[in-house]
Amino acid sequence: MAEWPRSVAEAEAVQERLRPLVDLDDPGPETVRHVAGLDVAYATEGDELTAAVVVLDTGTLEVVDQAVVHERARFPYVPGLFAFRELPPLLIALERLRITPELLVCDGYGLAHPRRFGLACHVGVLTGLPAIGVAKTAFVGAYGDPPPERGSWAPIVDRGDVVGRALRTRDGVKPVFVSQGHRVGLDNACRHVLRLAPAYRLPEPIRQADRLSRSGARTA
DNA sequence: GCGACAG
DNA sequence: ATCTTGTCGC
């Protein structure tokens, strides 16, 4: 399916080669029935990781399908290249799902990346599915503090490009950082994130994937 | 050159 | 990412 690089130079070359395949113009699905959340947890010892993918029914926000994959990391953590660490097991987990999701919500960035090709773009291109990135901390670019109300936002600007938004999902709480991955517009991505995060800062798909990956990491 | 740097 | 108690506030 995909060949995995072994060096930083090879990994960067892969990103440069796949970047033109990203679709940033498709506004994306208006409504979605099944949404997936993707996350990875790390073991206390060794370079072992546990990838988890959950599928939620958007009507109830209940988990209706899930898959966990445990393996040894194939690539070191390098800012800007961490898809090469987390994507291999995540793709295997995605293949094991019985329900094909219509939208992927990734823990991390998409367009808001040094080479405009973060994890959300990468997984979107490799699967062909609409994908967005939701990160907990800033990475590239600058942004202003959005107004305190849930739903307000401020653009993230990097080298003159708007690459995402700092979006407030809860009143008075630190915003999350949303960026396009593949086949979803920025407005639409933020709409989905707000609908998927009715109670907590992070959207429910990511919270559930985080929960599952951690329990899986302890069991393994 | 130096520091910062998704998870 | 992970190591980690209590505590302030709604």
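**Close-up 1. Ala41 and the residues it touches.** Setting aside residues up to four places away in sequence, Ala41 touches Glu48, Leu49, Thr50, Ser213, Arg214 and Ala217. Please keep in mind, here and in every view that follows, that this is a predicted model. Ala41 belongs to strand β1. With a relative accessible area of 9%, Ala41 is buried, because buried means under 20%. One of its partners, Ala217, is 176 residues away along the chain, yet the C-alpha atoms of Ala41 and Ala217 are separated by 6.5 Å. Ala41 appears again in the next view, among the residues that surround DNA strand C.

**Close-up 2. DNA strand C and the residues around it.** Here you can find Ala41, Tyr42, Thr44, Lys136 and Arg214 surrounding DNA strand C. By type, the residues of this surface divide into 2 nonpolar, 1 polar and 2 charged. Which parts of DNA strand C supply its atoms within 4 Å of the protein? Sugar or phosphate accounts for 100% of those atoms. For a single contact to look at, try Lys136: an N or O atom in the side chain of Lys136 is 3.2 Å from a phosphate oxygen of DNA strand C.

**Close-up 3. DNA strand B and its protein surroundings.** There are 18 residues around DNA strand B, and Tyr77, Gly80, Phe82, Lys136 and Thr137 come nearest. Lys136 may be familiar, as it is also one of the residues surrounding DNA strand C. The surface near DNA strand B divides into 9 nonpolar, 5 polar and 4 charged residues. Of the atoms of DNA strand B within 4 Å of the protein, 45% belong to sugar or phosphate, and the rest belong to bases.

**Close-up 4. Individual contacts to DNA strand B.** This view picks out a few atom pairs. On the phosphate side, an N or O atom in the side chain of Thr137 lies 2.9 Å from a phosphate oxygen of DNA strand B. On the base side, look for Tyr109, where a backbone N or O atom is 3.1 Å from a base nitrogen of the strand. Leu119 also uses a backbone N or O atom, placed 3.3 Å from a base nitrogen of DNA strand B.

**Close-up 5. Asp39 and Asp107, a pair from the UniProt record.** An unreviewed UniProt entry lists Asp39 and Asp107 under "binding site". Although they are spread over 69 residues of sequence, these two cluster in space, with a largest C-alpha distance of 5.8 Å. Both Asp39 and Asp107 are included in the lining of the largest pocket. Asp39 sits in strand β1, residues 34-42, while Asp107 sits in strand β4, residues 103-107. Are these residues buried or exposed? Asp39 is buried, with a relative accessible area of 5%, and Asp107 also counts as buried, at 13% relative accessibility.

**Close-up 6. The neighbours of Asp39 and Asp107.** Leaving out residues up to four places away in sequence, the contacts of Asp39 include Thr50, Leu90, Ala209, Asp210 and Ser213, as well as Asp107. Turning to Asp107, its contacts under that sequence limit are Leu38, Asp39, Phe82, Leu119, Val134, Lys136 and Ile206. Several of these names come from the DNA views: Phe82 and Lys136 are among the residues nearest DNA strand B, and Leu119 has a backbone atom 3.3 Å from a base nitrogen of that strand.

**Close-up 7. Helix α4 and what packs around it.** Helix α4 covers residues 186-196, and 8 of its 11 residues are buried, so the helix is largely enclosed by the rest of the structure. The buried residues are Leu186, Asn188, Ala189, Cys190, His192, Val193, Leu194 and Leu196. They pack against strands β1, β4, β5, β8 and β9 and against helix α5. Strand β9 is also the place of Gln180, which counts as buried at 11% relative accessibility. Beyond its neighbours within four places in sequence, Gln180 is in contact with several residues, including Leu24, Cys121 and Leu186.

**Close-up 8. Two loop residues with positive phi.** Most residues other than glycine have a negative phi. Leu61 has a positive phi near 60°, and its place is the loop between β2 and β3. Arg159, likewise not a glycine, has a positive phi of about 50°. Arg159 lies in the loop between β7 and β8, and at 63% relative accessibility it counts as exposed.

Definitions and conventions
Residues are numbered from 1 along each chain as its sequence is written. Chains are lettered from A and ligands numbered from 1 in the order in which they are written. This is a predicted model: local features need pLDDT of at least 70, side-chain atom pairs count only at pLDDT 80 or more; totals for chains, interfaces and linings use all residues. Side-chain values use heavy atoms; hydrogens and water are left out. A residue is near a molecule or strand if one of its heavy atoms lies within 4 Å of it. A polar contact is a pair of N or O atoms within 3.5 Å; within protein, one must be able to donate a hydrogen and the other to accept it, and residues adjacent in sequence count only if both atoms are side-chain atoms. Ala, Val, Leu, Ile, Met, Phe, Trp, Tyr, Cys and Pro count as nonpolar, Asp, Glu, Lys and Arg as charged, and the others, Gly among them, as polar. UniProt positions are given in the numbering used here, feature names are shortened, and annotations may be inferred rather than shown by experiment. On a 1 Å grid over the protein atoms alone, a cavity is a set of points where a 1.4 Å probe fits but cannot get out, and a pocket is an open set with protein on both sides within 12 Å along at least five of seven lines; lining residues have an atom within 4 Å of a point. Helices (H or I, at least four residues) and strands (E, at least two) are DSSP runs, numbered from the N terminus. Buried means under 20% relative accessible area, exposed over 50%, partly exposed in between (1.4 Å probe, protein chains only). Contact means heavy atoms within 4.5 Å.
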